[in-house]
Amino acid sequence: MKGDSLKKILILFVLFTGNMLYAQTKVNSLLCEHLVSPLGIDVPQPRFSWQLSSSTPGIKQQSYQLSVGTDSLGVIQLAGNSWMLKGKSGEQLVTYKGSGLKPFTKYFWSVTIVDNKGNKATASSSFETGMMNQQNWRGSWISDSRDSKMKPAGLFRRSFLIEKKIASARAYITVAGLYELYLNGQRIGNHRLDPMYTRFDRRNLYVTYDVTSSLQPGNNVVGVMLGNGWYNHQSTAVWDFDKAPWRNRPSFCMDLRITFTDGTQQIVSTDKQWKTTLGPLLFNSIYTGEQYDATRYIPDWNNAMGVDSAWKQCTYVAAPSTKIVAQSMVPIVDAELVPSKEMKKFSDTSYLFDLGRNIAGVSEIRLKGVRGTIIRLKHGERLYANGHVDQSNIDVHYRPVDDTDPFETDIYVLKGEGEESFRPRFNYKGFQYVEISSSKPVTLTRESLHGYFMHSDVKPVGSIQSSDSIINKIWSATNNSYLSNLFGYPTDCPQREKNGWTGDAAIAVETGLYNFDGITVYEKWMADHRDEQQPNGVLPSIVPTGGWGYEWGNGPDWTSTIAIIPWNLYMFYGDSKALADDYDHIKRYIDHINELYPSGLVSWGLGDWVPVKSVSPVELTSTCYYYADVMILAKTARLFGKEKDWVYYTALASKIKTAFNRKYLDTLNKVYGKGTQTEMAVPLYWGIVPDEWKALIAGNLAKRVQADSARLDVGLLGTKAILNALSENGYADLAFRLASSRTYPSWGWWMVNGATTLYENWKIDAVNDISLNHIMFGEIGAWFYKALGGMRPDPEHPGFKNILLEPCFVKGLDSFSCYHDGPFGRIVSSWKRINNTIEYQVTIPPNSRASLILQGKKYMISSGVYHYTLSNQNEIIP
């Protein structure tokens, strides 16, 4: 509640203690490297974290003991043989500093805490190491010796004999390209599109599987199908993926380690004993689609019944890079089955399916038909007036060399033996509609086709609910777009590009972290940044890249991801590892900009992308982002005790601020630049406005918005700033008017016109820049938490150790509720209007606290559930 919203207020403060009966404190949510019992980690010093739960208010952790070892019983008894740590603090994130971890070893760990009531609680978990060192690989890199232009995917198999009783078995596989792994005919795991996209000639990822239950006494067969992915990009588009320096025929390396009950081991590795042939997957492109001929299916190719006498011997190939590390992150999965909402029949060879919502993923079709019948599945986001799929908004950057690789289109040739199904293995698309064209008549029903919503399997950690249906729809659409653009790295759109645009991700990072547990994806992506950074500090505008993006689209307004992403991970998780890993890279990046622009004013960047009408100077916005990056570096330097760097970069930030305000602050008219929304909001948001000018600039920003009929006039960078700049400076009501607007240009305008995801352009009928599933305007998803819920991490006590709470009870909204599951547990901020009062409830998890501000009055509260009643009567009742 700020500004004029409730000047006369009564605060009836009631502490709700809940059930005062004794409630035992518990330890839960044990994570290693931010994962649940991970397999195959490589880090020598893994991180451990946990949470407390208790219904008793004010519970705090007074001390803890952590034990790590190979004996499960021993660690529970606090007798770990690898590491023991005792701490007299409320710390719930600890980095391992014990003896060296051994490869291929299962470790157990236990934590015992004592709370401020004297209660003890213990919980345990486990993790398992992988290779730990590249020299531990036994397998060789193998391929089928085909040319990179060869289109059919390769199949690989190896038979082996097991003659002892199995205790455990693990498969370790790294691939240049994509793969599916099979043992005795069964596909292993539920991951999709493994391994994750990296700069293949600099870093490759491997995945670990527990395959104990997939093996059998006697004959066994391991099978692998390889896909192109980003490694062998055969489709052609403006980003030159097909010209990547690493491009080659897919290859892989694998070790299958089998441990027997007598302690001995058998290792089945990639070598010349493997055989290969071409399979029925005739073409696969991560960018366009797949083509599969079921008449060429090879029965039993991946089990012991198969006959491989005609298969060829594999060939050894060079490893794509010298760095192979564990893929320690959540996988991509088929997260949701989406049934078709409607089906339209044009003829007995032409159908249209509508999923009713826009998703990223694949479609699966089930049908019967004559052998050799060709089925084409064309995907898109829009329809022409005649009801057929319109791809004109998503294929504009595709540059096909012929008609054999249609965009977002799969081709399936029927086997003709009863009902059969097809779903792509090595591709995903962005779509709502699927148009089916058949070379011969087929009979389809609405149930014949459904979609799979695919994305990185990030756990939801936040939710909002309000009395305004449009706000709820915007939040849902924002999350759908965020997930649609999370495939092991954050992308801009799932159809036209699938590129890791840095600017889009920097804008949306808070939205992502309020709503999803995405740290493992972001840490992987920051490693991609380090791979891509040039020696002089320059970063490309898309990460990873095959070489495109160093010449266009980069600059501080976009490539600030190198600083902004690690800083936000620190804010949300209290984990400084990403900052530590990237520290020297942030320095190199900033030092290069300082060399290029010694005045402190930076004209390098894309600027306020896709604005409504007003165009802001690139120098204004890029300099604000440069200032933000330098401030992050200065604060990080102080965090790590690098005092010289702190002094130097604090001075550089001051220099930038002075130069910026000298040029752009119009002291006469009390505006920045020409006084447009972006020119005013961006400096306010990034803190480059002098303190004594903030109120004046914020007031004039509000006047500018009102003069614009309370409508947005911003592009991408302005969108990040506008709502926050208003709500943080006393104009939350006006910010809410913008956020909840149903008229053009607004998020609500998209919703009332049927959007289920966010768009790339405010204009729904725009000719260019009109993907219908973009995350770049997604900051609003974070603003709901920050303004309406008033929930923010405290930079002085990050990771929500201390929660900053200052909810805005805006006019026009009857109720709002949000929660966020932070490192210490669930935080709830909820309010509703009842007659002339506002009922506000807040929940603070154990071992944390909050600084709550209501109408300028500050309350320090510890863990528990609290209720407040606010009224507009001019008195205070004790």
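A salt bridge here is a side-chain nitrogen of Lys or Arg within 4 Å of a carboxyl oxygen of Asp or Glu. Keep that cut-off handy for the exercises below, which all work on a predicted model.

**Exercise 1. Decide whether glutamate 779 and lysine 720 form a salt bridge, and work out where the two partners sit.**

Step 1: Check the distance. The closest N and O atoms of glutamate 779 and lysine 720 are 2.7 Å apart, and the cut-off is 4 Å, so the pair passes as a salt bridge.

Step 2: Place the partners. Glutamate 779 is in the loop between α14 (747–752) and α15, while lysine 720 belongs to helix α12 (residues 716–727). The two are 59 residues apart in sequence, so the bridge ties together separate parts of the chain.

Step 3: Look at burial. The limit for buried is under 20% relative accessible area. Glutamate 779 comes in at 1%, so it counts as buried. Lysine 720, at 2%, is buried too.

**Exercise 2. Take the salt bridge of lysine 674 with glutamate 679 and classify each end as buried or exposed.**

Step 1: Confirm the pair. Its closest N and O atoms are 3.2 Å apart.

Step 2: Classify the lysine. Exposed means over 50%; lysine 674 has 58% relative accessibility, so it is exposed.

Step 3: Classify the glutamate. Glutamate 679 has a relative accessible area of just 1%, which means it is buried.

**Exercise 3. Find what glutamate 510 pairs with, then describe the helix that holds its partner.**

Step 1: Name the partner. Glutamate 510 makes a salt bridge with lysine 786, with 3.3 Å between the closest N and O atoms.

Step 2: Map it onto the chain. Glutamate 510 is in helix α3 (residues 502–515) and lysine 786 in helix α15 (residues 780–788), so you're looking at a link between distant parts, 276 residues apart. Both glutamate 510 and lysine 786 are buried.

Step 3: Zoom out to α15. Nine of its nine residues are buried, so the helix is largely enclosed by the rest of the structure. Among them are Trp783, Phe784 and Tyr785, along with Lys786 itself.

Step 4: See what comes next. After α15 there is glycine 790, with a positive phi near 65°.

**Exercise 4. Work out how well helix α13 is covered and what it packs against.**

Step 1: Count. In α13 (residues 732–740), seven of the nine residues are buried, so "mostly covered" is a fair label.

Step 2: List the buried ones. They are Ala732, Leu734, Ala735, Phe736, Leu738, Ala739 and Ser740.

Step 3: Identify the neighbours. These buried residues pack against α2 (469–484), α11 (691–707), α12, α14 and α15.

**Exercise 5. Describe the surroundings of asparagine 802 in strand β38.**

Step 1: Locate it. Strand β38 covers residues 802–805, and asparagine 802 has 2% relative accessibility, so it counts as buried.

Step 2: Find the polar partners. The asparagine 802 side chain makes a polar contact with the side chain of aspartate 794 at 2.9 Å, and another with the side chain of serine 851 at 3.1 Å.

Step 3: Add the other neighbours. Leaving out residues up to four places away in sequence, asparagine 802 also touches residues including Pro793, His797, Arg849 and Met860.

**Exercise 6. Characterise the interface of domain 2 and domain 4.**

Step 1: Set the bounds. The domain assignment puts domain 2 at 136–329 and domain 4 at 476–787. Their centres, taken over C-alpha atoms, are 40 Å apart.

Step 2: Size up the contact. 19 residues of domain 2 are in contact with 20 residues of domain 4. Together the two domains bury about 1700 Å², with 56% of it on carbon and sulfur atoms. On the domain 2 side, Tyr197, Trp239 and Met329 lose the most area, together 38% of what that side buries.

Step 3: Tally the polar part. There are three salt bridges across this interface, and eight residue pairs in polar contact.

**Exercise 7. Find the largest nonpolar core and the residues with the most contacts inside it.**

Step 1: Recall the background. In soluble globular proteins, nonpolar side chains tend to be buried together.

Step 2: Apply it here. The largest nonpolar core has 214 residues, and Ile436, Ile722, Trp747, Phe784 and Tyr840 have the most contacts inside it. Helix α8 (residues 618–639) gives the largest share, 11 residues.

Step 3: Check for another. Apart from this core lies one of 27 residues, including Phe160 and Ile258.

Conventions:
Residues numbered from 1 in each chain as written. Predicted model: local features only at pLDDT ≥ 70, side-chain atom pairs only at ≥ 80, totals over all residues. Heavy atoms only, no water. Helix = DSSP H or I, 4+ residues; strand = E, 2+ residues; numbered from the N terminus. Buried < 20%, exposed > 50% of the residue type's maximum accessible area, 1.4 Å probe, protein only. Polar contact = N/O pair within 3.5 Å; in protein donor to acceptor, adjacent residues only side chain to side chain. Contact = heavy atoms within 4.5 Å. Core = buried A, V, L, I, M, F, W, Y, C linked by side-chain atoms within 4.5 Å. Domains from an automatic or database assignment. Buried area = accessible area lost by both parts, 1.4 Å probe.
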